[in-house]
Structures are given as C-alpha cells and as structure tokens.
Amino acid sequence: MAGALDAAEEAVDLLLESGRAPGDILVLTTGEQHPWAAHELSFGEAAYWAQHDAGDDVFFADVSAADRAGSRPVVVVAVNGDADPTVARTLPVARDRAGALLIVCGDPQTINSALGAGV
C-alpha cells in the first residue's frame, strides 16, 4: 500500500505546481501514517496540531484524527490500509472536509469495495 502514499505525494506536488496554496491541502491516511506526520508527532501533539491550526502548509493526518482536522479546499486520501470498514468511514468524512476537491489514491479494488460498503 506504499503506492497510495506515493500517489498522494504526487497529487500534492501537482496541486502545488498548479498554484494551490500549501495551506489548502489536507492529506489523510487510512493505514500507516505519512512519514511527515510521524516525524512532526515526535515533537508532541500540541506542536503537531499547532501546525494544523496555523494553516500555512500541507497537513498530513491519520484518518482517526479526521474529526479534529478542519476543512480545507483540497483533501487527498491515501488508502494505504486495506480495512474496508475504515475506508468506508473515511471517504464520507474526507468528502465533508473537502471544500472544493477530493482526491482518493490507492488500490481501486479496495476503494470500490469501500464505496460499495455504503459510501
């Protein structure tokens, strides 16, 4: 499922190259955390969430923190975990957080299976 993280990073790069502001983008992961999130969390929850609240840069979060993450114009979901119920719960939350654009990266079978599970 590392391919989902790679695809999400490529999507972020393309968004930034096309003129999107970094603070417009929220990246959610359904499996292993993005390395940026893991690194930033090593400095503590308060510092990590302060970066989110500042809204100056792309923010990476585990889907379990999606309720705490505010809305952003663009949400990129890396479906890097294959638990259909987790993915099925994630996509509606991600859609609600996305003001203008939702991008979902990952294995099409996993995503389609989750979509069939009630999204």
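Me: Let me start from the terms: a residue is buried under 20% relative accessible area, exposed over 50%, and partly exposed in between, with a 1.4 Å probe and protein chains only. Is Asp13 partly exposed or buried?

Reply: Asp13 counts as partly exposed, because its relative accessibility is 43%. The accessible areas come from the Shrake-Rupley method, and for residues only the protein chains shown count as cover. This is a predicted model, in which local features need pLDDT of at least 70 and side-chain atom pairs count only at pLDDT 80 or more, while totals for chains, interfaces and linings use all residues. Residues are numbered from 1 along each chain as its sequence is written, and side-chain values use heavy atoms, with hydrogens and water left out.

Me: Where is the place of Asp13?

Reply: Asp13 belongs to helix H1, residues 2-17. Helices (H or I, at least four residues) and strands (E, at least two) are DSSP runs, numbered from the N terminus.

Me: Which residues gather with Asp13 in a patch of negative charge?

Reply: On the surface, Asp13 is joined by Asp6, Glu9, Glu10 and Glu17 in a negative patch. A patch takes residues with over 30% relative accessible area and no salt bridge, joining like charges within 9 Å and nonpolar side chains (Val, Leu, Ile, Met, Phe, Trp, Tyr) within 5 Å. Asp and Glu count as negative and Lys and Arg as positive, with His and the chain ends not counted. Each charge is placed at NZ of Lys, CZ of Arg, CG of Asp or CD of Glu.

Me: Stepping back, what is the secondary structure of the chain?

Reply: There are five helices and four strands, in the order α-β-α-α-β-β-α-β-α along the sequence. The radius of gyration is 13 Å, close to the 14 Å that the globule rule gives for 119 residues, so the chain is as compact as a globular protein of that length. That radius is taken over C-alpha atoms, and the rule is 2.2 Å times the number of residues to the power 0.38. The C-alpha trace spans about 35 × 30 × 25 Å along its principal axes, and 41% of the 119 residues are buried.

Me: How many salt bridges does the structure hold?

Reply: The structure holds two. A salt bridge is a side-chain nitrogen of Lys or Arg within 4 Å of a carboxyl oxygen of Asp or Glu. One joins Arg97 and Asp67, at 3.6 Å from N to O. This pair links distant parts of the chain, 30 residues apart: Arg97 is in helix H4 (residues 84-97), and Asp67 is in the loop between strand E2 (59-62) and strand E3 (72-79).

Me: Is Arg97 buried or exposed? And Asp67, exposed or buried?

Reply: Arg97 is buried at 16% relative accessibility, whereas Asp67 is exposed at 64%.

Me: With which residue does Asp24 form a salt bridge?

Reply: Asp24 pairs with Arg20, and their closest N and O atoms are 3.8 Å apart. Asp24 is partly exposed at 22% relative accessibility, and Arg20 is partly exposed at 27%.

Me: New topic: how many Å apart in space are Ala114 and Arg89?

Reply: Ala114 and Arg89 are 8.4 Å apart, C-alpha to C-alpha, with their positions 25 residues apart in sequence. Ala114 is in helix H5 (residues 108-116) and is buried at 0% relative accessibility. Arg89 lies in helix H4 and is exposed at 55%.

Me: Where does Val63 lie?

Reply: Val63 is in the loop between E2 and E3, and it is buried at 15% relative accessible area.

Methods: Areas by Shrake-Rupley, 256 points an atom, 1.4 Å probe, with all protein chains shown as cover.
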